[in-house]
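I set out to record what I looked up in this structure, entry by entry. The notes below follow the order in which I consulted the model.

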Amino acid sequence: MKKILCKFEKQHIVLGIILLGTFLLRFPSLYEPFWYGDEGIFAAVARNLNQGGVLYLTAWDNKPPMIYLTYQAIFNVFGVSMFWLRLVTAIAVISTAAIVYEIAEGTIGHKRAILAASVFGFLTSLRIIEGNLALTEIFMILPISLAILTALKRKFDSTSLFIAGMLFAIASLYKQVGALEAAALGVYLFLYNKNFIDFVKQGLVLTLGFTVPFVITILYFAPKGLLNEYIFAAYTYY
């Protein structure tokens, strides 16, 4: 028992060092002045929303709504500040790194999990690939990772697949390609499920969960007469 506890503590100490290292890599970004256009656009739209504006009506940009709502929430809580915006982004990245570790630890072992978390933390903090910025890709990865972890921990039962579907949809409301991760999980279920009927049931539950955030989004924009604007901005613009 003592040996197991010692190993548990050692693993999590190493993980803690990796997460601290990830934060230190991102630390300089907390004090950078504004320099990237997309962050400015997201901030301007969020500021408009906080002043009573309506997305895709008084403020328009060619992205799904979640990134603007995230900026709006950060500005509501902390005020308009690059420091807090980047700090929340750092917390999102560190949380995702911890989830990546948990996913990998449960599937490919502790050593590879440490490597996976290290690589993730390093790559998502590189300025050269804009990893240190508060962009859609960074926020999209968190719900995707959480969806996979939930499905794995509960062994792909109906509850976990429904929750995973919703999380994939939230990810795709940050950036459209998040929907591909739901498809990837569907392919996994198809390949590894011995019973085709069970696969169909799981696929339906995953799809049902995926539709819920979109139904809520449609119910918000449709009464305002902005459904076409939302679809154009988020999808057909590209």
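**Entry 1: Helix 7 against helix 8**

I began with a helix pair and found that helix 7 and helix 8 pack with their axes 6 Å apart, at an angle of about 150°. Since angles over 145 degrees count as roughly antiparallel, helix 7 is therefore roughly antiparallel to helix 8. I note that the model is a predicted one.

I then listed the residues that meet. Helix 7 contributes L161, F168, A171 and S172, and helix 8 contributes G178, A179, E181, A182, L185 and L189. By class, the residues of this contact comprise 7 nonpolar, 2 polar and 1 charged.

**Entry 2: The nonpolar cores**

Which residues have the most contacts inside the largest nonpolar core? I found Y68, Y71 and F168, in a core of 46 residues. I next looked up which helices supply at least two residues each to this core: they are helix 2 (37-50), helix 3 (66-78), helix 4 (82-107), helix 6 (136-153), helix 7 (158-172), helix 8 (178-192), helix 9 (196-221) and helix 10 (227-236). Helix 7 gives the largest share, 6 residues. F168 thus appears twice in my notes, in the contact with helix 8 and among the core residues with the most contacts.

I followed Y68 further. Beyond its neighbours within four places in sequence, Y68 is in contact with F42, V45, A46, L49, L55, Y56, D61, N62 and K63. Another core, of 14 residues, lies apart from the largest one, and L15, I94, I114 and A117 are among its members. As background, I recorded that nonpolar side chains tend to be buried together in soluble globular proteins.

**Entry 3: I18 and its surroundings**

I located I18 in helix 1 (residues 2-26). Is I18 buried or exposed? I18 has a relative accessibility of 13%, so it counts as buried, the cut-off being under 20%. Setting aside neighbours within four places in sequence, I18 is in contact with I114, A117 and S118. Of these contacts, I114 and A117 are among the residues of the 14-residue core. I also checked the separation of I18 from R86: they are 68 residues apart along the chain, and their C-alpha atoms are separated by 19 Å.

**Entry 4: Aromatic pairs**

I counted the aromatic pairs and obtained 22. For the pair of Y56 and Y230, the ring centres are 6.0 Å apart and the planes stand at 45°, so I entered the pair as tilted. The two residues belong to distant parts of the chain, 174 residues apart: Y56 is in the loop between helix 2 and helix 3, and Y230 is in helix 10. Y56 is buried at 2% relative accessible area, and Y230 is buried at 3%.

The rings of F83 and W84 gave another geometry. Their centres are 5.4 Å apart and their planes are at 90°, so this pair is edge-to-face. F83 is partly exposed at 24% relative accessibility, and W84 is partly exposed at 31%. I found that ring pairs link F83 and W84 into a cluster with F23, F27, Y31 and F78.

**Entry 5: The loop between helix 6 and helix 7**

I looked at backbone angles here. K155 is in the loop between helix 6 and helix 7, and its phi is near 55°, a positive value in a residue other than glycine. F156 lies in the loop between helix 6 and helix 7, and the phi of F156 is near 60°, again positive in a residue other than glycine. Which of the two terms, buried or exposed, applies to K155? K155 is exposed, with a relative accessible area of 69%. F156, in contrast, counts as buried at 16%.

**Entry 6: I148 and V119**

I148 is in helix 6 and counts as partly exposed at 25% relative accessibility. Neighbours within four places aside, I148 is in contact with I103 and F168. From I148 to S172 the C-alpha distance is 15 Å, over 24 residues of sequence.

Lastly I looked up V119, in helix 5 (residues 110-123). V119 is partly exposed, with a relative accessible area of 40%. V119 and V215 are 96 residues apart in sequence, and their C-alpha atoms are 36 Å apart.

Methods
Residues are numbered from 1 along each chain as its sequence is written. This is a predicted model: local features need pLDDT of at least 70, side-chain atom pairs count only at pLDDT 80 or more; totals for chains, interfaces and linings use all residues. Side-chain values use heavy atoms; hydrogens and water are left out. A nonpolar core is a set of buried Ala, Val, Leu, Ile, Met, Phe, Trp, Tyr and Cys residues joined through side-chain atoms within 4.5 Å. Buried means under 20% relative accessible area, exposed over 50%, partly exposed in between (1.4 Å probe, protein chains only). Helices (H or I, at least four residues) and strands (E, at least two) are DSSP runs, numbered from the N terminus. Contact means heavy atoms within 4.5 Å. Rings of Phe, Tyr and Trp (its six-membered ring) pair if their centres lie within 6.5 Å; planes under 30 degrees apart count as stacked, over 60 as edge-to-face and the rest as tilted. Axes are lines fitted to C-alpha atoms, for helices over the stretch in contact, and angles run from 0 to 180 degrees between N-to-C directions. Angles under 35 degrees count as roughly parallel, over 145 as roughly antiparallel, 65 to 115 as roughly perpendicular and the rest as oblique. Ala, Val, Leu, Ile, Met, Phe, Trp, Tyr, Cys and Pro count as nonpolar, Asp, Glu, Lys and Arg as charged, and the others, Gly among them, as polar.
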